[in-house]
Amino acid sequence: MCKYSCEASKMVIYGNSSYLEVDLEKGTILDNMQSVLGSAFMVNNQQDTDAVVPDGILRDLLRDRTKVDNLIILSDGMSLESVEGQDVSDFLKKYRRLVNPNMLFVNVDLGGKSSGFSKSVQPEHDNDIFIAGYSDQILRFIAERGESGQLTHIDKIDEKYNLTAKVPGLEKKPCAVKPAVEHPLPIAALKPRWRTARVFISSTFRDMHGERDLLTRFVFPELRARGKQHFLNVYEVDLRWGVTEEDTISNKTLELCLTEITKCQFFIGILGERYGWVPDKYVVPDSPEFDWVREYPPGCSITELEMHSACMSNPEEKKDQAFFFLRDKSWQKDLPKKYLQDFAAESPSSATKMEALKERIRSSGLEVFDGYPCKWGGVVDGQPMVSGLEDFGFRTLNCLWNAVKKFFPDEDAVLDEISHETSQHEAFLEARVSSFTGRKAQMKMCLERLRTMKEGILMLSGKPGCGKTSLVASLISQYDADIGAKTHFIHFVGATPESTNITFALKRLCTELIRRFGLEMDVPQDYKNLCGELKTILTEASQASGSPLLLVFDGLEMLEDYHQARSLTWIPEEIPENVIFLMSTVENSECHRALSRRQHSSVQLSGLDLWDKPEVVRNQLARHKKTLVETGFNNQMKLLTSKREANNPLFLNLACEELRVFGVYEKITEKLKSLPHTVPLLLQEVLARLEQDHGQLLVSTALTLLVCARKGLFEEELHMLLSYHQKLQHVKYTVQDVLNVPLEPEHQIPQAVFAPLLRSLKTFLRPVTTTSLLSLAHAEIERSIRQRYMRGSSTELEIMLHRLLAGN
């Protein structure tokens with residue numbers, strides 16, 4: 001009856017683990033009853049447990065911000081105290097805060113013994129209604145209560161919204177025409193923000209198969225399911241899962257483990273009796289973050305070094321974020337002797353070191369589950385392991401979930417999207433300023449232009465990879481320092497997923513200016529009105545500003561061409577006094593030509609000069625405590641800086657990275673001589689090395705995915721997509737295949753494989769700021785990837801990867 005009464009509605013029948021949307025056929029209500037009952041039978045067939053409201057539908061409504069006026073749930077006694085009831089309650093709070101504050105929620109308990117309002121439930125919101133039983137009167141009440149989008153009754157609207165009194169004589173006149181419903185103001189300023197919780201799992205290898213298997217198959221899937229309801233992605237980092245013990249022992253193991261720990265907020269340490277692999281020496285880069293490793297006592301295991309780095313060096317700071325689990329060893333009385341070596345200490349010396357480590361952990365003040373029980377579980381898939389780990393699993397789940405909820409409170413999940421976007425651009429600015437070197441003459445020229453301009457456009461142009469973005473960032477920082485105030489607006493196109501959208505960029509600009517200068521103006525919501533009001537807002541802001549208003553747009557050529565954004569018609573024809581646009585773009589691009597047709601001042605960024613090139617190289621290598629010889633016949637610096645395109649910062653950055661990973665210092669000169677002279681050729685050489693290090697298939701798939709994903713990918717997304725492709729690569733899969741195929745833990749690419757790949761790709765990516773979004777740094781890099789992996793027969797790979805992206 002509800003379905004028939006609504007102009008637009010969605011009817012879902014749900015069971016314990018599945019649900020089905022029902023579409024009515026032509027005819028009366030009775031005509032449709034048979035098919036509806038048949039659908040209900042299909043959903044509930046062979047299910048002995050109670051039906052559960054499908055949280056997937058509710059999450060989709062939140063994710064897509066779909067506006068719903070009425071949500072009616074007909075159940076057989078759903079209790080608000082149950083897990084299901086709490087999930088629905090949490091959804092209602094978030095949905096009303098994010099999407100529709102006036103949504104009506106009706107819960108009808110069809111199992112009630114009598115019809116009427118439920119007296120045992122206290123509604124949390126004025127628009128929450130709980131009814132027991134069912135009757136025609138209840139249906140009529142729902143229809144009347146839900147009419148007109150659940151607005152308060154018209155005669156009470158002035159009290160509800162503190163409006164002025166009604167005009168005398170008109171209060172009681174009936175309204176012949178039902179007034180149009182006023183839609184709520186857009187909630188664009190509130191945006192659900194997905195956060196990522198990363199958990200590092202540290203343990204020895206051979207004796208912990210059972211614990212790691214339990215975590216991967218049960219604990220973390222449950223954490224992920226809980227996290228999704230709070231806009232949280234929970235991501236475990238276990239560098240020992242999915243690989244052999246031999247794979248974990250290499251010269252780069254320690255560096256990889258310690259680097260991954262710094263990227264995780266949470267830490268789990270699991271210890272039995274084995275102390276773990278002890279490297280002959282600690283092989284780490286010569287960078288400052290690894291200084292403590294070189295001073296650490298020799299002869300310690302990788303596991304102990306992980307624990308020291310993660311929390312034991314400063315346990316007070318890591319309370320509520322690091323947890324230890326020490327296994328009870330009494331179970332070993334049932335262990336067959338042939339497997340004793342897999343679980344016992346490697347030697348008396350190792351046993352002594354392990355006991356010292358455990359005592360240090362017990363006295364650290366961190367949470368420790370000392371002596372968790374287990375039993376011999378036999379050999380599974382060729383691996384001896386323990387079982388009976390229920391207490392371990394429940395304790396780990398509770399510790400991590402409580403820690404995650406405390407670290408990521410729900411209120412932080414909903415942000416002012418403008419402020420959030422601005423913070424990411426500011427973080428990107430800081431990252432670029434820290435890497436800027438040289439260009440003193442051009443910096444001085446740009447600063448002089450800005451100081452003498454009263455209004456207008458300053459265009460900064462140059463070839464791809466010539467350092468425009470870093471120069472712009474450093475220029476803004478210096479300009480603010482000179483005038484003693486922060487009056488800039490910055491927008492780095494490509495720095496965030498939304499930054500390429502001109503409508504969002506203009507909306508952010510207008511909102512920032514109105515907030516910063518307290519202007520009593522509204523922010524237009526569509527492109528046409530934004531362009532129309534921009535000049536007025538700029539005029540008002542410039543008059544309120546005590547110094548010139550600097551509006552910076554970097555990387556204009558990367559704008560999406562919706563509304564012909566690259567033609568730059570959104571810039572006012574007459575720029576108000578005291579307003580300066582600083583625009584950077586690639587020379588000879590569409591944006592460059594558009595700016596050239598307007599009155600403007602321009603600075604063309606040329607290549608690095610003879611003094612800048614060595615300085616860039618020195619600074620790049622100094623971060624890793626490396627240098628090149630600059631004297632005598634073996635002048636390595638001259639060999640590098642005399643390359644044909646060495647005046648391009650992108651070329652020098654790529655070359656320095658190749659030198660950093662080159663392991664034979666005695667052959668550096670030969671390596672320098674063999675380096676190509678141009679960026680495209682050097683990129684091809686780098687790609688060939690990556691294929692040799694990580695495998696051609698993995699490298700080509702990862703980079704092609706980054707090209708296909710227009711707005712970039714998060715680390716977790718790239719990991720999942722690579723795992724899906726690895727599972728499906730032997731068939732020409734479709735979008736439906738991707739949707740229907742589950743990704744079990746055993747089919748995921750091990751972290752010990754993915755993490756090194758990600759670190760190697762860093763050279764090609766934009767600096768990661770407040771998010772872990774991965775996107776290609778330069779158009780030149782994308783061209784090289786397309787040339788190597790996306791031509792001819794390789795187009796089939798591109799097509800399949802687009803399907804993969806569409807299915808996730």
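## A tour from strand β9 to the salt bridges

Start by selecting Glu 236: with a relative accessibility of 10%, Glu 236 is buried (under 20% relative accessible area; over 50% is exposed, and anything in between is partly exposed, using a 1.4 Å probe and protein chains only). What you have open is a predicted model, in which local features need pLDDT of at least 70 and side-chain atom pairs count only at pLDDT 80 or more, while totals for chains, interfaces and linings use all residues. Residues are numbered from 1 along each chain as its sequence is written, and side-chain values use heavy atoms, with hydrogens and water left out.

**Around Glu 236**

Glu 236 sits in strand β9 (residues 232-237); strands (E, at least two residues) and helices (H or I, at least four) are DSSP runs, numbered from the N terminus. Now add Arg 224, whose side chain makes a 2.7 Å polar contact with that of Glu 236. A polar contact here is a pair of N or O atoms within 3.5 Å; within protein, one must be able to donate a hydrogen and the other to accept it, and residues adjacent in sequence count only if both atoms are side-chain atoms. Leaving aside residues up to four places away in sequence, Glu 236 touches Val 199, Ile 201, Thr 216, Phe 220, Arg 224 and Gln 751 (contact means heavy atoms within 4.5 Å).

**Strand β6**

Next, select residues 128-132, strand β6, where five of five residues are buried. Asp 128, Phe 130 and Ala 132 cover one side, with Ile 129 and Ile 131 on the other, and all are buried. Bring in strand β4 (residues 104-109): β4 runs parallel to β6 and is joined to β6 by five bridges. Two strands pair if DSSP finds at least two bridges between them. For one of these, look at Phe 105, whose bridge partner in β6 is Asp 128.

**Tyr 733**

Move on to Tyr 733, in the loop between α26 (715-728) and α27 (735-740). Tyr 733 is buried, at 0% relative accessible area. Show its surroundings and you will find His 725, Leu 728, Val 738, Met 800, Leu 801, Arg 803 and Leu 804 in contact with Tyr 733, not counting residues up to four places away in sequence. Try a distance too: from Tyr 733 to Ile 799 the C-alpha to C-alpha separation is 9.9 Å, although the two are 66 residues apart in sequence.

**The salt bridges**

Side chains of opposite charge can pair when their charged atoms come close. A salt bridge here is a side-chain nitrogen of Lys or Arg within 4 Å of a carboxyl oxygen of Asp or Glu, and the count comes to 36.

Select Asp 320 and Lys 406, whose closest N and O atoms are 2.8 Å apart in a salt bridge. Asp 320 lies in the loop between α10 (302-312) and β11 (322-327) and Lys 406 in helix α13 (residues 390-407), so the pair ties together parts 86 residues apart in sequence. Asp 320 is partly exposed at 42%, and Lys 406 is exposed at 59%.

Then go to Arg 689 and Glu 658, which form a salt bridge of 2.7 Å, N to O. This pair links helix α24 (residues 679-694), holding Arg 689, to helix α22 (residues 649-661), holding Glu 658. Arg 689 is buried at 18%, and Glu 658 is buried at 2%.

Stay on α24 for Glu 691, which meets Arg 788 in a salt bridge of 2.8 Å, N to O. Arg 788 belongs to helix α29 (residues 779-789), 97 residues away from Glu 691.

Last stop: select Arg 198, Glu 260, Lys 263, Glu 715 and Glu 716, which are linked in a network of salt bridges.
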